[in-house]
Amino acid sequence: MLAGGVGGAKFTLGVRAALGRRGAPEATVVVNTGDDLWLSGVRLQPDVDSITYALAGVNDTHRGWGRADDTERVNAELQEWGAGWPWFTLGDLDLGTHLARTGWLRDGLTPTQVLERMSRRWNLGARLLPMTDAEADTIVTVRDADGAERDLHFQEWWTRHRAALTPVRFDNPGIAAASPAPGVVEAIAAADVVLVAPSNPVVSIGPILAVPGMREALAAASAVVGVSPIIGGRVVRGMADVCLTAIGVETSAAAVAAHYGARSSGGLLDAWLIAEEDAAAAPDVDAAGIRSVVAPLWMTDVDASAAIVDAALAAAS
Ligand code: GDP
Ligand code: CA
């Protein structure tokens, strides 16, 4: 599967449960690393950590990010120093992850090797791969009131400004020279089906698809089935609508499907799961050459997510 952070994590829990019930081989999750950043000397991988923590069962389900029962002593001290970003909280346990990761990167391990090592701590029940080993942080270009363009790191735009600054474009500098992380192309080629999680199409799935070689790998996959992150014409949570508007895509299940495109005409998808609320959009999806499947798409708990995965697997077969 291809996945971003919190939506990706909920879906990954469903994949693990659905495959577990089948006694099937484990899933490989190709995770967005466009959200990654350097802060106070450590490397953060928010989407990688969201999925890792969720699979390990140590995530903070209430806040929706970070570790459960975390404290913020180090964060308070960093703020006294005027270090880091005052609007970006780093929990103490979370900082332990970032320190371990940064240390191993400094020792010369690749991001793939670091994630492999970190995955060994818990019995995750899925194999996690970064989309690429290259640093390709997402940069958001916004236009100021005086008309001048300004570049912000994705996290500054998302977390500090809550996506309130109108984006002109999203870019991942360095991605043209990147390649899929070792194992990604092989995992896609070996997969019975590739699932596209109901993650943000622009800033979570977008960077994954922008890695050179990724689209070719997906074009050769057995089957690709996506799940709409848009229900009833609205984002379930987050600010994907702002991202979609910026790239000229309407916030609707059919428009996102058309944006991904049909694999039969050079796009991404063979089938697309849309919510019952969007059942009227099914003919539009089919007309685009993508088989529509109407299903309940609320990931309210692991069973609900697993039922979505069951529907996606049925569509693939
Ligand atoms: P992020 O990296 O933490 O922003 O998370 P993702 O990119 O993986 O997922 C964000 C997307 O998940 C948002 O666009 C939401 O619309 C979508 N999403 C969140 N919860 C649900 C849900 O219960 N069902 C569906 N279909 N989509 C959801
Ligand atoms: Ca994210």
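## Exercises on a two-domain model

Across the interface of domain 1 and domain 2, the rule finds one salt bridge. Keep in mind as you work that this is a predicted model.

**Exercise 1. Find the partners of the salt bridge and test the pair against the cut-off.**

Step 1. Start from the domain bounds: domain 1 covers 1-35 + 127-317, while domain 2 covers 36-126.

Step 2. Look at Arg43 and Asp137, whose side chains meet in a salt bridge at 2.9 Å, N to O.

Step 3. Apply the rule, which asks for a side-chain nitrogen of Lys or Arg within 4 Å of a carboxyl oxygen of Asp or Glu. Arg43 and Asp137, at 2.9 Å, fit it.

Step 4. Add the polar contacts: ten residue pairs across the interface, both residues at pLDDT 80 or more, are found by the rule.

**Exercise 2. Work out which elements of domain 1 face domain 2, and which of them gives the most residues.**

Step 1. List the elements that give two or more residues to this side: helix H1 (6-22), strand E2 (27-31), strand E5 (126-130) and helix H6 (154-160).

Step 2. Pick the top contributor, which is H1 with six residues.

Step 3. Sort the side of domain 1 that touches domain 2 by class, and you get twelve nonpolar, eleven polar and nine charged residues.

**Exercise 3. Describe the extent of the interface.**

Step 1. Recall that interface size is often given as the accessible area lost when the parts come together.

Step 2. Read off that area: the two domains bury about 2,400 Å² between them, with 63% of it on carbon and sulfur atoms.

Step 3. See who supplies it on the domain 1 side. Arg16, Leu128 and Asp133 account for 25% of the area that domain 1 buries against domain 2, more than any other three residues.

Step 4. Count contacts: 32 residues of domain 1 touch 26 residues of domain 2. The C-alpha centres of the domains, for their part, lie 23 Å apart.

**Exercise 4. Locate ligand 1 and its backbone partners.**

Step 1. Take the 21 residues around ligand 1; Ser199, Ser204, Pro229, Leu297 and Met299 come nearest.

Step 2. Check backbone N or O atoms against oxygen atoms of the ligand. Val6 has one at 2.8 Å, and Pro198 has one at 2.9 Å.

Step 3. Include Gly7, where a polar backbone atom is 3.3 Å from a ligand oxygen.

**Exercise 5. Trace the long-range contacts of Ala17.**

Step 1. Place Ala17 in helix H1.

Step 2. Set aside neighbours within four places in sequence; Ala17 is then in contact with Val302 and Ala306.

Step 3. Compare sequence with space: Ala17 and Ala306 are 289 residues apart along the chain, yet 6.0 Å apart from C-alpha to C-alpha.

Note on methods
Residues are numbered from 1 along each chain as its sequence is written. Chains are lettered from A and ligands numbered from 1 in the order in which they are written. This is a predicted model: local features need pLDDT of at least 70, side-chain atom pairs count only at pLDDT 80 or more; totals for chains, interfaces and linings use all residues. Side-chain values use heavy atoms; hydrogens and water are left out. Domain bounds come from an automatic or database domain assignment. Contact means heavy atoms within 4.5 Å. Buried area is the accessible area (1.4 Å probe) that two parts lose on being put together, summed over both. A polar contact is a pair of N or O atoms within 3.5 Å; within protein, one must be able to donate a hydrogen and the other to accept it, and residues adjacent in sequence count only if both atoms are side-chain atoms. Helices (H or I, at least four residues) and strands (E, at least two) are DSSP runs, numbered from the N terminus. Ala, Val, Leu, Ile, Met, Phe, Trp, Tyr, Cys and Pro count as nonpolar, Asp, Glu, Lys and Arg as charged, and the others, Gly among them, as polar. A residue is near a molecule or strand if one of its heavy atoms lies within 4 Å of it.
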